[in-house]
Amino acid sequence: MTINEKQQEIIDEFSGLDDWMDRYAYIIDLGGQLAPIDEKDKTPEHLIEGCQSRVWVTARLDDEGRMRLTADSDASIVKGIIAMLIDVLDGHTPQEILDSDLHFIDAIGLSEHLSPTRSNGLLAMIKQIKLYALAFNEMQKKAQA
């Protein structure tokens, strides 16, 4: 499934939820479904700067050159937000991730319903994932040269 197809799935799910209490409950639910991150990965190097709560994100390339992302947070809503990002981006190539426009965030109204610090944290999470993608993309280019 493409990044845009995954985003559309999320948009469709949210369109069935009328009020923001239901949407927050759904986001928290998604966080509860997030596969646990290995405790050894909860290190300062994986900690996202700019988040009010603690968020760890790891990335690796699989044998097919696709990024595999894991994450965790000590805040339920933030954990649900990172779960959505992972759902959309995990399993795609670094280039696909770099080229992606994560429009689902605005389409579901998330950015306008987050506090300024949570909005900054969301941007920091996206930035870190894209930095991982950039690093892996460069690594792949060098390997091909």
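**Aromatic pairs.** I searched this predicted model for paired aromatic rings and found two pairs.

I took F14 and Y26 to begin with. Their ring centres lie 5.4 Å apart and the planes meet at 85 degrees, so I noted the pair as edge-to-face; the cut-off for that class is over 60 degrees. I then looked up where the two residues sit. F14 belongs to helix α1 and Y26 to helix α2 (residues 20-33), so this pair ties together parts that are twelve residues apart in sequence.

I checked how far each partner is covered. F14 has 1% relative accessibility and is therefore buried. Y26 comes out at 24%, so I entered Y26 as partly exposed, the limit for buried being under 20%.

Next I turned to W20 and Y24. The ring centres are 5.2 Å apart with the planes at 55 degrees, so the pair is tilted. Both residues are in helix α2; because they are four residues apart there, about one helical turn separates them. I looked up their accessibility class as well: W20 and Y24 are both buried.

**Charge on the surface.** I asked which residues form a negative surface patch. I listed E5, E9, D12 and E13 as its members.

I followed up D12 from this patch. I placed D12 in helix α1, which spans residues 3-15. Its relative accessibility is 45%, so D12 is partly exposed; a residue has to be over 50% to count as exposed.

**Cross-reference.** Helix α1 appears in both entries: it holds D12 of the negative patch, and it also holds F14 of the edge-to-face pair.

Conventions
Residues numbered from 1 in each chain as written. Predicted model: local features only at pLDDT ≥ 70, side-chain atom pairs only at ≥ 80, totals over all residues. Heavy atoms only, no water. Patch = residues over 30% accessible without salt bridge, like charges linked within 9 Å, V, L, I, M, F, W, Y side chains within 5 Å. Areas by Shrake-Rupley, 256 points an atom, 1.4 Å probe, with all protein chains shown as cover. Salt bridge = Lys/Arg side-chain N within 4 Å of Asp/Glu carboxyl O. Lys, Arg positive; Asp, Glu negative; His and termini not counted. Charge placed at Lys NZ, Arg CZ, Asp CG, Glu CD. Helix = DSSP H or I, 4+ residues; strand = E, 2+ residues; numbered from the N terminus. Buried < 20%, exposed > 50% of the residue type's maximum accessible area, 1.4 Å probe, protein only. Phe/Tyr/Trp six-rings, centres within 6.5 Å; stacked < 30°, edge-to-face > 60°.
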